[in-house]
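Welcome! Please take a moment with the sequence and the 3D view below, and then we can walk through them together.

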Amino acid sequence: AKVLSPFFKPKFMYSLRLNIYRMIGSDDYVATPNLKLTYLKIIKEDLSKDMEKIKLKTLLIWGDKDKDTPKKDAFIMNTKIKNSVLKTIKDAGHMLIITDPEIVSEYIINFINDDF
């Protein structure tokens, strides 16, 4: 992104840039351009020390094709949160509750019932 971004700075490239964001599944980034700075601050914030403070049993549910928050982040969280369980959904992206509500619900119910 850093290498290509200068090419998309001119105003005449704006619509092409939006189409590329949509193609790679970043519709939320396109839908809220006013929040760009906030979004950039959020994704740069390191919360790993805070994760180590979590003591409660924690369920992490991840789409294995998530482009917004890659699976490597799930493994980091699972390692940092000592009492966590990581469940992945095959061929799923970032919006799990929308695309795979049945699987997400099943994971949550099983977690609550302690069936993991």
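Let us begin with a single pair of residues: Gly63 has Ile89, in strand 2, as its bridge partner. Another such pairing can be found along the way, where Leu60 stands opposite Leu86 of strand 2. The chain travels from strand 1 through helix 5 to reach strand 2, and the β-α-β crossover made in this way is right-handed. The two strands run parallel, and six bridges join strand 1 to strand 2. Keep in mind as you look around that this is a predicted model.

Now step back to see the whole. The protein has seven helices and two strands. Followed from the N terminus, the order of its elements is α-α-α-α-β-α-β-α-α. The chain counts 116 residues, and 22% of them are buried. Strand 1 is mostly covered, with five of its six residues buried. As a general point to carry along, side chains in a regular strand alternate between the two faces of the sheet.

Where do the buried nonpolar residues gather? The largest nonpolar core consists of seven residues, namely Leu59, Ile89, Ala92, Leu96, Val104, Tyr107 and Phe111. Helix 7, which spans residues 101–112, gives the largest share of this core, with three residues. There is also a second, separate core of six residues, and among them are Met51, Trp62, Ile81 and Leu86. You have met two of these names already: Ile89, a member of the largest core, is the bridge partner of Gly63, while Leu86, listed in the second core, stands opposite Leu60.

Next, let us turn to charged side chains. How many salt bridges does the structure hold? There are five, and three of them can be visited here.

One salt bridge joins Asp50 and Lys53, whose closest N and O atoms are 3.6 Å apart. Are these two partners buried or exposed? Asp50 has a relative accessibility of 38%, so it counts as partly exposed. Lys53 reaches 58% and therefore counts as exposed, because the cut-off for that word is over 50%.

Another salt bridge is formed by Lys80 and Glu52, with 3.2 Å between the closest N and O atoms. Lys80 belongs to helix 5 (residues 71–80), while Glu52 sits in the loop between helix 4 (48–51) and strand 1 (58–63), so this pair ties together parts that are 28 residues apart in sequence. Both partners are partly exposed: Lys80 has a relative accessible area of 25%, and Glu52 has one of 33%.

In the third of our examples, the side chains of Lys65 and Asp91 meet in a salt bridge, 3.9 Å from N to O. This pair, too, links distant parts of the chain, 26 residues apart: Lys65 lies in the loop between strand 1 and helix 5, and Asp91 in the loop between strand 2 (84–89) and helix 6 (96–99). Asp91 deserves a second look. Its relative accessible area is 54%, so Asp91 is exposed. The phi angle of Asp91 is near 60°, a positive value in a residue other than glycine.

Stay with the loop between strand 1 and helix 5 a little longer, since Asp68 is placed there as well. With 30% relative accessibility, Asp68 counts as partly exposed. How far is Asp68 from Met95 in sequence and in space? In sequence they are 27 residues apart, and in space their C-alpha atoms are 9.5 Å apart.

Finally, look at the outside for nonpolar side chains. Which residues make a nonpolar surface patch? Tyr39, Ile42 and Ile43 do, and their patch covers about 290 Å². One of these residues, Ile42, lies in helix 3, which spans residues 36–44. The relative accessible area of Ile42 is 55%, which means that Ile42 is exposed.

To retrace the path: we started at parallel strands joined by six bridges, passed the seven-residue core and the separate core of six residues, and then came to some of the five salt bridges. The walk ended at the nonpolar surface patch of Tyr39, Ile42 and Ile43.

Technical notes
Residues are numbered from 1 along each chain as its sequence is written. This is a predicted model: local features need pLDDT of at least 70, side-chain atom pairs count only at pLDDT 80 or more; totals for chains, interfaces and linings use all residues. Side-chain values use heavy atoms; hydrogens and water are left out. A salt bridge is a side-chain nitrogen of Lys or Arg within 4 Å of a carboxyl oxygen of Asp or Glu. Buried means under 20% relative accessible area, exposed over 50%, partly exposed in between (1.4 Å probe, protein chains only). Helices (H or I, at least four residues) and strands (E, at least two) are DSSP runs, numbered from the N terminus. Patches are made of residues with over 30% relative accessible area and no salt bridge: like charges are joined within 9 Å, nonpolar side chains (Val, Leu, Ile, Met, Phe, Trp, Tyr) within 5 Å. Accessible areas come from the Shrake-Rupley method with a 1.4 Å probe; for residues, only the protein chains shown count as cover. Two strands pair if DSSP finds at least two bridges between them. A crossover is right-handed if, with the strands pointing away from the viewer, the path from the first strand over the helix to the second runs clockwise. A nonpolar core is a set of buried Ala, Val, Leu, Ile, Met, Phe, Trp, Tyr and Cys residues joined through side-chain atoms within 4.5 Å.
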